[in-house]
Structure formats: C-alpha cells, structure tokens
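Me: Please take a close look at a single part of this model, the open sheet and the strands and loops that come with it. Give one connected account, with the cut-offs stated.

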Amino acid sequence: MAARSGIAAQIGFGVESTAGSEVVPTVWVPLLEESLSAAIARMESEGIIPGQSVLSDWQSVPGAHKVGGDTKFELTNRGLGVLWKACLGSVSTSGAGTYTHVFTPGELPSLTAQVGRPDVSGTVRPFAYRGLKVSKWEMAAKLGEIVTFGITWAGRAEGYPRTFTDGATTSASTTITSAAGASFTAADVGSIVSGTGIPAGTTIASVQSATSATLSAAATASGTGVSVTIGQALATASYPTGLRPLSFIDGAVSIGGVSSCVSEITLSADHDLADDRGCIGSPLAKEPVEKGLRSYTGKMTVEFADMAAYDLYRSGATTTLSLALAAGTDSVTVAATVRYDGTTPAVKGRDILTQEVPFTVLGTTGAEITVTLVNADPTP
C-alpha cells in the first residue's frame, strides 16, 4: 500500500509518435504540483414542456472535452530534456559520457503525461493525458530559492484504466468487439488497449459503436471472453542518478556579456496555441497547433547601480542575456537576445533603489533563444 496522501504522487512523460495516441511514460520528474484535468461541458435543452419547472435529466447531454492544466517542477540538472524539447521543439545532441543538448525553437512535439494520484485507501490511481502540447512555460530564479519550472498544457483527452471481460478478437484483424462491457465511446480514440492477442502499444484507432472498435494494430490471436483493459496501468517511476535541484546559488546572470547582480529573474513563453479545434462527431479536440507568433518575455529585478540598463531601455537597442546554472559538470544555460522595455527607477523610501527590468526576446526565427543542457543524459 502506498502512502495515503500526495507524498505518493508521481508524474511521467512519453513522446508520442502520432499526436493524440497514448504512450507509456519513459521519463519521470519530481513533482511540486499539478492541475491536469478534463473539463466536460454540459449542454442543456432550451425546449419548453408545459407544466415543467425543473430541467429533466434527459434534457442534459455531455459536450466537448477541454483537456489541459498546469504542472510545476523544480529545475534540475538532469532528467528534464524531454520537457525542454516540449517547450522549444528542436534539439541537437553531441558528445559521449557527458552530453551537450542544445534546444532551439521548432515544431512542438506531442506528449502523453501519466499522473499517479493517491487516494485515501493507499491506492495510486493513474490518469493519462494524451495529445499534450506546451501552451506556455515559465522559468523563475529568485534570491534564497530553488529555481522553478512551470508548464501550461493543452491536450486532447484524459484516460484511466477500465477493464471488460467480454472482448472478442480475430487473428490478423483490427476489429475488437464487446457484447456490452466495453461501452466504447469517441473519447476512447487514442487510448492504449491491452489484452491477450493484442500487441503491446496498440491504441484504439476508431470507434464504430458502443460494442465495436478498430485497433491500431491487428490482433495476433482469436479469442472470445477476452479480458481487455483500455488505458494504462500505473508505471513504475524511476529517476536519473545524480539528480539534484538547482538554486539561486548555482546561477549567474550576464547582460551583454558582463556579469550582473540580479536578485530575481523570470522568463516566460506563450506559444499561442489553437487549442479548441474540433469536428462534429467527436467530443475530443483536434491536435493543438500554433496560430500566431511565439512570445518570449521576462523580468529582472536589479539594484540601481548605474544608467546602463536604463540607457538600453531608452535606446530600444537589443543586447544578449544569459542565465547559467551549474551543478558540478552539469549545467543549464538559457541565452537570448533581448530588448529592455523599462522602467524608470523610483524612490520608495529609505531602502536601496531597485529596478524592475522587463524584457522581450527578439531575433532570427529558430535562434532567438537557446537552452543548453550539459549532463550525463544520453538523450533529451
């Protein structure tokens, strides 16, 4: 039995080869908090029935599924490559033993996230969220704190395991049927399905009715009364050796190549996803895609030491900005070309004057911002 509280929670991620087709997680990340969910709309009839003063139960029907939410982590020296790729899109890896992974803006991949949520009986319940893409992300470093890494996701569907025992398969056929137990719905499309004679990694490709569906791979055996599970069991979490969080002590900020004293820095991204695409016939959203320009912005808090930052703001000129964090031979470095957007330093009492320095990342598409990881992870 697991602990009966959030201390037994876990989250893992896997990269989907086909957007929206569920995969088993391959990477686990220590979790601070999450709010992934499926919000199912309710549609209520406006029809008038004489003598009726309360809506009847048959006048309420389910609507579209809105899937997404937030996850928050501590920034670590290892194990976050999959998430950085999800946030930026492209990666180039070099080296051996110690690897260098350079992430740049590119096509965003689609992920499955599995969240293990403990109930009070000590059972950790697995929830899978498929077709996830990063809508927004934020990295924040502050004096006296561990660096945090937050992601807002938009996805296609939520799933959790359910089993029926009246499945029927035919060897070399992709059709699966159930007399009554399956109750297939359009929300099952993309879910992992497992059972005797069903190849590993198979998903529900389409649903024809409550009793019939099509598999993504043909069955390898014929059978009736087959026990079939839709959705995946809780995966066993594992974490990289040498893992540790990165804090403000590990960091260094440089502006225009010059080391700078910064007490707080936040970098945020918004991918402007179209996350409400859909078609008549399915409650699930289509794959989220980018519909506008990406936005990378941030803010720094610095002591008012001289006029350099203010002059950059007044001129509108761009300069380089780098935040580097190191843990032994491991490191995470974020580099960008930025334009400072203000503000004027102001007196707010007797304390040392500080400046809030907002900035916007500008540059050549695909090279405006880079994140470089140096660590022992062979793949991101």
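Reply: Two strands pair if DSSP finds at least two bridges between them. Strands (E, at least two residues) and helices (H or I, at least four) are DSSP runs, numbered from the N terminus. The model is predicted: local features need pLDDT of at least 70, side-chain atom pairs count only at pLDDT 80 or more, and totals for chains, interfaces and linings use all residues. Residues are numbered from 1 along each chain as its sequence is written, and side-chain values use heavy atoms, with hydrogens and water left out.

For context, the protein chain holds 27 strands and two helices. Its C-alpha atoms fill a box of roughly 75 × 65 × 45 Å along the principal axes. Of the 380 residues in the chain, 42% are buried, where buried means under 20% relative accessible area, exposed over 50%, and partly exposed in between (1.4 Å probe, protein chains only). Contact means heavy atoms within 4.5 Å; among contacts between residues at least 6 apart in sequence, 68% join residues at least 24 apart.

The open sheet has six strands in the order β14-β17-β12-β13-β16-β15, with antiparallel pairing. Its edge strands, each paired on one side only, are β14 (193–195) and β15 (204–209). From one strand to the next the twist averages 40°; the axes are lines fitted to C-alpha atoms, and angles run from 0 to 180 degrees between N-to-C directions. At the β14 edge, three bridges join that strand to β17 (residues 223–230), and the two run antiparallel. There, S194 of β14 faces T229 in β17. Strands of a sheet pair through backbone hydrogen bonds, either parallel or antiparallel.

Two loops of this region contain a residue with an unusual sign of phi. Most residues other than glycine have a negative phi. A172, in the loop between β12 (162–169) and β13 (175–178), has a positive phi near 75°. At 66% relative accessibility, A172 counts as exposed. S183 sits in the loop between β13 and β14, and its phi is also positive, near 50°. S183 is partly exposed because its relative accessible area is 41%.

After β17 the chain passes through a loop to β18, and F248 lies in that loop. F248 counts as partly exposed, at 32% relative accessibility. Together with L143 and I249, F248 forms a nonpolar surface patch of about 320 Å² accessible area. Such patches are made of residues with over 30% relative accessible area and no salt bridge (a side-chain nitrogen of Lys or Arg within 4 Å of a carboxyl oxygen of Asp or Glu); nonpolar side chains (Val, Leu, Ile, Met, Phe, Trp, Tyr) are joined within 5 Å, like charges within 9 Å. Accessible areas come from the Shrake-Rupley method with a 1.4 Å probe, and for residues only the protein chains shown count as cover.

Strand β18 (residues 251–255) pairs with β24 (residues 318–327) in the antiparallel sense over five bridges, with S254 and S322 as bridge partners. β18 also pairs antiparallel with β19 (residues 258–260), over three bridges, and I255 stands opposite V258 there. The β18–β19 hairpin has two residues between the strands, and its G256 takes a positive phi near 60°.

C261 follows in the loop between β19 and β20 (262–270). C261 is exposed, at 61% relative accessibility. Leaving out residues up to four places away in sequence, C261 touches V302 and E303.
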